[in-house]
Every structure is written in structure tokens, then in C-alpha cells.
Amino acid sequence: MRYLVTGGIGFIGSRVAELLLDGGAEVCGADNLNHAYDVRLKEWRLARLQARPGFSFHRLDVRDAGAVNGLLERGFDAVINLAAMAGVRQSVAEPRAYIDANIVGVLNLLQGCRDYGIPKLVQASSSSVYGGGGRVYGAGGSPPFREDALTDRPLSPYAATKKASELLCHAYHYLNGTDVTVFRFFTVYGPAGRPDMMLFRVVQWIAEGRPVVVYGDGQQERNFTYVDDVARGVVAGLQPVGFEVINLGSRQAVKLMDAIALAERLLGKKARVEHRPSSPADAAFNPADIAKAREVLGWEPQVGLEEGLSRTVAWYLENREWARDLVTL
Ligand code: UGA
């Protein structure tokens, strides 16, 4: 089998590519290697992938329809679209970049799948489409977030673009029969993770004795989900489903301050917490209902926060020489 993974050098994309290679597939990892966060992490992931037989790298910007077509015409069994601008709070400051990458990008891929007869697309969405989860807006969508809950009250341009990507996928499935699995990811973390995300920062900041910047009081909750669990779910999502939207999240809601306390314990060092004002784009919680992933794909998360965070800490300490300099704020 031959797969195209866009965002293939990204945090989730690179793990998905590795899993597919483990299974004997041929993988083209396409990525524009942008500067949304420190590119040294991307270079690290790329070097690992390039050492593997069956992998090829293609520099691609999904916003460029001509370039997308040029790649898709080579023929793939499926496209896994993990290319995106992914920061919830950052999207408030630069919404256009999010619209271009996350809406125009998926449109280009859907058109290409139609035009070059690619039967399957896996599309990345986000728990942020659940917005304030009903407590803010009243009707529907009360936690835990189930796939059929209200998702038309996003709190950020990012969440709005992810919802729009889901809608486009449905329209193209309906019109052209493209088989689409949409995954809503819940705050994914793990080794070589995104340095704009909290758990990566917490590990670096505590290890290096830097202040741990907490937006708000730190009582917000996240169903932090380990990257290998997510990658396994994405690969399972390659099977034909028609059109489905599926949560990939953990079972456990954890308060930010409790996650920081766990990192302190794993690193054997105290955190110096500094509170800053929270962003209105930030969700207070994202509790996941994951029954559908089990029913449709037989998927369940296997790595709890303690185990996942200890693997993240181990990765950091092994790579500390350069990881300590990664830009985190
Ligand atoms: C994350 C990802 O950034 C999104 O790409 C993804 O779509 C989303 O999860 C999802 O999967 O649903 P978020 O939940 O905001 O978004 O994850 P973090 O950036 O790790 O933030 C978690 C919490 O930590 C937030 O409440 C945030 O305000 C807080 N935070 C973050 C801090 O207190 N300090 C920081 O320096 C960074």
C-alpha cells in the first residue's frame, strides 16, 4: 500500500508515518516545514524518517493546489491529512493563516482525491469544535463530548476552520463518494511533541528551572491523549467507513495543575509557576466520549498520563542537549 501523509513531519504525522512503515507500507511524507514552531524538532523527526526504507519526503504546501495535484497524480491508496496550523490561541492573532492551511488545504486535497481517483481521506479535526461544551451556550453538547453534540459554537478561528474542514469532507463524500474518516483529537502529547503545547513546555521548563507559565488558574481540564494511541487510531481509520466523525481521546480528564504536579514528580524537581491571564479562546475542559472509536474501529487508548508523561520526560532527558534550546514561548 502507498500512503500520502500530509503534515508528515509534524508531531502526529511523523508517528503515523512510522507506524505505517512498521506495517510494510510505502509512505510519502509531505510537509512545508514551516516555522509555526521551532524547526529543529521537524529536522529531528525528518532525519529519523529518512533513515527508513519505504519513506520518501516531499516538500509540499497544501495551500498550493497545483503542487497538491502534481503529487496526487502519482497515485496513492489513501491520503492522511495532518497538515494544519494548529494553535488554538495563536489563531486569534493570525486567523487568515488558519483559514488558508486548514480550509483551502483540505479543499485542495479533496479536489485532488476526486480528480485522481484516490478513494480514501483521513482528516484531522479537533476537540476544540465542541467549543464551551454547552455550559457556555446552554443547549446540547454537554460533556462528555460525543460526536453528535453541538459543534457550531467554536471559541476560536482555529476551531471554526476545523469544523469547516469536517463539513467540506462531508460534501465531497456525498458528491464524489470519497470515503472519509474525520478524527477529533484531544490534546495530544508525547515524545518530540509540539513545543507550543503545554505538556512539552512543562517538561522543558521544570527540567531547566524556568518559570512555568500557566494561563488562568490552572484548574482547566484536558483529556491529554498519548501520541502513539492517536497514531494507532489514525491507521485504523484507513479502513472504509463511508463518512464518519470519530473522537480519539483519553478516558481521564486531568487538571492542568495536577499534570504539572505529575511532571514535578517524574523530574524530581519543583515547578516555579507563574500565572498569566487566560485567553477567551481557551476551552475550560474537553472530556472525551470514546465509545464510537471502540464500536467503529475497535480502538481504545492504552497509555495513561503517568506512563505517557514519563516516556515524554525520558525522551526530553535523552535529547536534552538540543531540546533545552527549543523555543517554547
Ligand atoms: C491542543 C492543540 O494545540 C490543538 O492543536 C488541538 O486541536 C487541541 O489540543 C485538541 O486536540 O483538541 P489545547 O487543548 O489548547 O490545544 O492544548 P495546549 O496548548 O497544550 O494547552 C492546554 C492548556 O494549557 C490550555 O488551557 C492552555 O491555556 C494552557 N497553557 C498552554 C498554559 O497554561 N501555558 C502555556 O504555555 C500553554
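At what angle, roughly, do the axes of helix 5 (residues 95-115) and helix 6 (residues 157-176) cross? Select both helices in this predicted model and look along them: their axes come within 9 Å of each other and cross at roughly 15°. Angles under 35 degrees count as roughly parallel, and helix 5 and helix 6 are therefore roughly parallel to each other. The crossing in which helix 5 passes helix 6 is right-handed.

**The ligand and its shell**

Next, select the ligand together with the residues around it. The shell holds 22 residues, and those that come nearest are Ala86, Ser127, Tyr158, Arg201 and Asp282. Colour the shell by residue class: 12 of its members are nonpolar, five are polar and five are charged. Two elements to highlight here are helix 7 (198-207) and strand 8 (211-215), each of which supplies at least two residues of the shell.

Which residue has a side-chain N or O atom 2.6 Å from an oxygen atom of the ligand? Display the side chain of Arg201, where that atom is found. Then turn to backbone atoms. At Val213, a polar backbone atom lies 2.8 Å from a nitrogen atom of the ligand. At Tyr215, a polar backbone atom lies 2.7 Å from an oxygen atom of the ligand. With these contacts on display, add a surface: the ligand taken alone exposes 700 Å², and the protein buries 96% of that area.

**From helix 7 to helix 11**

Keep helix 7 selected and add helix 11 (residues 305-318). The two axes come within 10 Å and cross at roughly 55°, which makes helix 7 oblique to helix 11. Helix 7 passes helix 11 in a right-handed crossing.

**Two loops with positive phi**

Move now to the loop between strand 6 (179-185) and strand 7 (188-189), and select Thr187 within it. The phi angle of Thr187 is near 40°, a positive value in a residue other than glycine.

Continue along the chain to the loop between strand 7 and helix 7, where Ala192 is located. What is the sign of phi at Ala192, a residue other than glycine? Phi is positive there, with a value near 55°.

**Helix 1 and helix 8**

For the final stop, select helix 1 (residues 11-22) and helix 8 (residues 227-236). Their axes come within 9 Å and cross at roughly 60°. Helix 1 and helix 8 are therefore oblique to each other. Viewed for handedness, the crossing of helix 1 and helix 8 is right-handed.

Note on methods: Residues are numbered from 1 along each chain as its sequence is written. This is a predicted model: local features need pLDDT of at least 70, side-chain atom pairs count only at pLDDT 80 or more; totals for chains, interfaces and linings use all residues. Side-chain values use heavy atoms; hydrogens and water are left out. A residue is near a molecule or strand if one of its heavy atoms lies within 4 Å of it. A polar contact is a pair of N or O atoms within 3.5 Å; within protein, one must be able to donate a hydrogen and the other to accept it, and residues adjacent in sequence count only if both atoms are side-chain atoms. Accessible areas come from the Shrake-Rupley method with a 1.4 Å probe; for residues, only the protein chains shown count as cover. Helices (H or I, at least four residues) and strands (E, at least two) are DSSP runs, numbered from the N terminus. Ala, Val, Leu, Ile, Met, Phe, Trp, Tyr, Cys and Pro count as nonpolar, Asp, Glu, Lys and Arg as charged, and the others, Gly among them, as polar. Axes are lines fitted to C-alpha atoms, for helices over the stretch in contact, and angles run from 0 to 180 degrees between N-to-C directions. Angles under 35 degrees count as roughly parallel, over 145 as roughly antiparallel, 65 to 115 as roughly perpendicular and the rest as oblique. A crossing is left-handed if the near helix is turned anticlockwise from the far one by less than a right angle, and right-handed if clockwise.
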